[in-house]
Amino acid sequence: MEKKWWHEAVGYEIYCKSFCDSNGDGIGDLQGVKSKLGVLRDLGVNCIWFAPIYKSPQVDNGYDVSDYMEIDPAYGTLKDFKEVLDTAHSMGIRVIMDQVLNHSSDQHFWFRESRKSKDNPYRNYYIWQPPREDGSEPTNWGNYFHEGNGSAWTFDETTGEYYFHQYSAKMPDLNWEYEPLRQEIYKMLHFWLDLGVDGFRLDVFTRFKKMPGFPMSTKTPDPKLDRKGYVVDYTMCTHVPGIHEILKDINKNVFSQRECMTMGEGAGVTCELAPDYILPERGEIDSLYHFELSSRRRSEITPELFRTVQKKWAGVMEQGGWNIQYLSNHDSQRQVTCYGDEAYRVESAKLLATLTHTSPGIPFIYQGEEIGMVNVRFDSIEDYNCCYTLGAYQSMMENGYTVEEAMDFCSTQSRDNARTPYQWDDSENAGFTTGKPWLKVNPRYTEINLKKDLASPDSIFRHYRALADLRKEHPAVIRGNLTFYLEDDEDVIVYTRACKEETLLIIANKSSKQRAISLPESLLQGGEVLLSNLKKENSLAKEMKLDPWEAIIFRL
Ligand code: GLC
Ligand code: CA
């Protein structure tokens with residue numbers, strides 16, 4: 001297999017809006033990022049993924065792009081971006097840009113033109129359909145944000161037709177069937193590569209192709225979230241035949257011509273579907289992150305699920321595809337709250353990091369994870385910003401749920417859990433801003449913040465750094481074969497990563513209980529401790545006692 005820089009990378013997602021505010025307007029920005037790049041270097045990160053920082057009305061915090069070739073003024077200018085890029089590069093950190101190619105903002109020039117008349121040159125940049133005979137929407141498809149009346153179609157008076165949007169009505173879907181649109185997108189991707197970026201994260205790339213003929217969905221509505229007969233039916237626009245043709249075309253016109261790494265947001269991608277997208281000979285994309293372990297709705301990762309999913313994906317990697325290892329991002333809950341245990345916050349944060357950094361694939365850290373940031377619960381729906389949360393709340397109100405039930409659902413599912421400002425220190429607003437933050441700071445910032453973490457002998461940050469170092473020093477973490485042991489155990493995850501140079505053994509008690517395990521003889525050789533998440537001594541032995549959330553990496 002050809003060696004690429006990103007095979008050995010440790011990635012970090014920056015949600016700029018919530019990272020660091022340099023000018024006191026309450027919004028994180030590029031100069032703020034620049035001032036903290038040294039922190040990321042110290043963390044051992046060598047690749048950053050920027051969630052969208054393009055010009056945007058911020059309906060979906062930048063996933064509604066109104067100019068793909070400009071930086072949003074709230075974040076800075078192209079010059080600021082170039083400074084961040086150059087500084088990052090000087091520290092050996094690569095930079096990957098989020099590309100939102102499924103939809104744009106309704107404020108994008110293309111859409112403002114498109115809606116003017118049926119013969120406007122930009123009309124076909126978007127998806128327009130006439131009403132059904134009774135005037136209603138072309139199909140019963142619902143939008144994923146449960147926004148407005150729930151439909152994925154919005155009527156536009158000017159031309160008497162509906163336009164299509166899988167997400168918000170302010171985020172119309174682009175029409176990938178139309179060649180001139182493709183050409184504009186390719187030009188834009190080259191623009192960023194010319195500027196020096198190292199690759200792209202492709203937002204919802206499995207959804208570019210829509211079901212031809214726009215059939216009605218026969219799916220039963222969800223009584224909680226669907227409204228008025230509109231159903232969210234992902235099958236209408238996810239992995240629709242023809243999607244590979246689109247990706248191959250992008251690859252041919254852009255990715256294959258340039259040095260660039262691509263990682264796709266694999267909504268709905270199972271390990272069975274993955275090879276067609278990510279095997280090098282397919283000529284599509286390099287890697288993807290799937291949702292089989294982590295997703296907004298999941299609240300548990302059992303050792304059994306972990307083993308099953310990792311084994312399947314290791315199989316995909318053996319064929320030459322690359323997987324992304326992550327447990328949270330800007331769309332999810334905080335991983336310690338969701339998959340760890342806040343009562344063992346430090347221990348479980350480190351255990352989860354140990355798993356993502358030693359499983360096959362590229363680990364991607366989400367900002368705040370490295371200091372064990374936790375979910376937040378706001379008292380009022382007014383304090384939430386995420387459009388998915390607000391839509392879900394509205395649906396539940398209309399579907400007869402109580403405010404309490406809706407708040408319970410929203411506070412656990414809300415993407416704002418991941419989006420509260422970064423907690424740098426225990427000063428006002430957690431050191432994120434001197435102004436009023438765009439989203440409230442998690443009130444636990446006085447106890448959980450970077451400064452305090454670094455001052456502690458139990459630092460989570462330093463555990464992440466040790467894991468990054470381990471990836472550099474131990475080829476087995478990158479290339480080793482994966483084998484699980486004690487496969488019936490309900491709490492403890494045991495696996496080896498073995499290549500010709502070495503074998504590493506990872507033992508992780510993913511539970512809040514003390515556990516005793518009995519290891520097979522075959523694992524009892526050598527046993528140098530490379531990294532452990534507790535201060536206690538534990539050595540490799542047939543019979544081992546593990547404390548809650550204990551995780552150890554041995555070299556055999
Ligand atoms: C992706 C993004 C998410 C966004 C959606 C629509 O899932 O990660 O934040 O809302 O796409 O662009
Ligand atoms: Ca700012």
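Visitor: Which strand gives the most to the lining of the largest cavity?
Guide: That is β13, residues 362-366, with three residues. Strands here are DSSP runs of E, at least two residues, and helices are runs of H or I, at least four, numbered from the N terminus. A cavity is a set of 1 Å grid points where a 1.4 Å probe fits but cannot get out, and its lining residues have an atom within 4 Å of a point.

Visitor: Is this an experimental or a predicted model?
Guide: The model is predicted, so to speak of local features takes pLDDT of at least 70 and side-chain atom pairs need 80 or more, while totals for chains, interfaces and linings use all residues. Residues count from 1 along each chain as written, chains are lettered from A and ligands numbered from 1 in written order, and side-chain values use heavy atoms, without hydrogens or water.

Visitor: Back to that cavity. What else lines it?
Guide: The lining of the largest cavity includes Glu13, Trp49, Tyr289, Ile324, Asn329 and Phe364. Its volume is about 50 Å³, and the structure holds six cavities of 30 Å³ or more.

Visitor: Tyr289 caught my eye. Buried or exposed?
Guide: Tyr289 is buried, at 2% relative accessible area. Buried means under 20%, exposed over 50%, and partly exposed in between (1.4 Å probe, protein chains only).

Visitor: Which ring does Tyr289 pair with?
Guide: Phe291, in a tilted aromatic pair: 5.9 Å centre to centre, with 50° between the planes. Phe291 itself is partly exposed, at 25% relative accessibility. Rings pair with centres within 6.5 Å; under 30 degrees is stacked, over 60 edge-to-face, the rest tilted.

Visitor: How many aromatic pairs overall?
Guide: The whole structure has 39. One aromatic cluster brings together Tyr68, Phe109, Trp110, Tyr122, Tyr125 and Tyr178.

Visitor: New topic: how is the sheet with β8 ordered?
Guide: This open sheet runs β6-β8-β7, with antiparallel pairing. On its edges are β6 (128-129) and β7 (153-156), each pairing on one side only. Pairing takes at least two DSSP bridges between strands.

Visitor: How many bridges join β6 to β8?
Guide: Two, with β8 covering residues 161-164. Trp128 has Tyr163 of β8 as its bridge partner.

Visitor: Last one: why call helix α9 largely enclosed?
Guide: Because 12 of its 14 residues are buried, the rest of the structure largely encloses α9. Among the buried ones are Arg345, Lys350, Leu351, Leu352 and His357.

Notes: 1 Å grid on protein atoms, 1.4 Å probe; cavity = no way out; pocket = protein on both sides within 12 Å on 5 of 7 lines; lining within 4 Å. Points joined across faces, edges and corners; volume = space filled by probe spheres on them. Phe/Tyr/Trp six-rings, centres within 6.5 Å; stacked < 30°, edge-to-face > 60°.
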